[in-house]
Amino acid sequence: SKKISSYEATQFLDDFLKGKADESQATSVEASRPHLESLLAEGDVQPVAAGYESQSGGIIGLLEKMEDQFKQERNDLKMDELKKKNAYNTLVVQLDAENADATGDKDRKSQEKARISEQKAQDEGELQETAAGKE
C-alpha cells in the first residue's frame, strides 16, 4: 500500500468534504484507508515530547549529603573552639589569681623581712648597749 503524508491526508479530507475529490485520489485513498485511519487515530492523541530526564539527581543528593556533613563538621569545630576558648579563659583567670596570690605573698614576706631586719637592728643595738654597760 502507498503511504501518504499527514499533509496529503488532510488535503484529501478537506477536498472530499468540499466535494472536490477526483476518482484517482479516491482510489489511492481507498487503498490507503488503513493508513489514513491510523493517522486520524494518532491525531486524537496529542504528541508528547520526550522530556529531559535529569541525570543530576545522584549528584544533587551527594552534594546535599556533603552539605549536611560539612555543616555537622563546622558545628563540631565551633564547639571544639568554644570549649578550648573557655578552657583558655579559665586558665588565664586561674593564673591571674595565682599571680595575685604570689604577689601578695611576696609583699607580706618583704614586709615580714623588713620587720625582722628592723627588730634585728634594734636587738643588736640593745646588745651593744648591754655589752658596753658591762665593761
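Ile59, Leu62, Leu63, Met66 and Phe70 make up a nonpolar surface patch in this predicted model, together offering about 480 Å² of accessible area. Patches here join residues with over 30% relative accessible area and no salt bridge, like charges within 9 Å and nonpolar side chains (Val, Leu, Ile, Met, Phe, Trp, Tyr) within 5 Å. Accessible areas come from the Shrake-Rupley method with a 1.4 Å probe, and for residues only the protein chains shown count as cover. One member of the patch, Met66, sits in helix 4 (residues 57-134). Its relative accessibility is 31%, so methionine 66 counts as partly exposed; buried means under 20%, exposed over 50%, and partly exposed in between.

A word on conventions: residues are numbered from 1 along each chain as its sequence is written. As the model is predicted, local features need pLDDT of at least 70 and side-chain atom pairs count only at pLDDT 80 or more, while totals for chains, interfaces and linings use all residues, and side-chain values use heavy atoms, with hydrogens and water left out.

Now the overall picture. The protein has four helices and zero strands; helices (H or I, at least four residues) and strands (E, at least two) are DSSP runs, numbered from the N terminus. Of its 135 residues, 5% count as buried. Mean pLDDT, the predictor's confidence in each residue from 0 to 100, is 80 for the protein. Among the elements, helix 4 has the highest mean, 93, and helix 2 (residues 23-31) the lowest, 55.

Which residues of helix 1 are buried? They are Ala9, Phe12 and Asp15. These cover an arc of only 130° around the axis, which puts them on the same side of helix 1; the arc is that of the directions from the helix axis to the C-beta atoms. The face turned away from that buried side carries the exposed residues Tyr7, Leu17 and Lys18. Just after helix 1, glycine 19 takes a positive phi of about 80°.

Back to charges: the whole structure holds four salt bridges, each a side-chain nitrogen of Lys or Arg within 4 Å of a carboxyl oxygen of Asp or Glu. Here are three of them.

| Salt bridge | N to O distance |
|---|---|
| Lysine 71 and glutamate 67 | 3.5 Å |
| Aspartate 105 and arginine 108 | 2.2 Å |
| Arginine 115 and glutamate 112 | 2.3 Å |

Lysine 71 and glutamate 67 both lie in helix 4, four residues apart. Aspartate 105 and arginine 108 are three residues apart in helix 4, as are arginine 115 and glutamate 112.

Key
Buried < 20%, exposed > 50% of the residue type's maximum accessible area, 1.4 Å probe, protein only.
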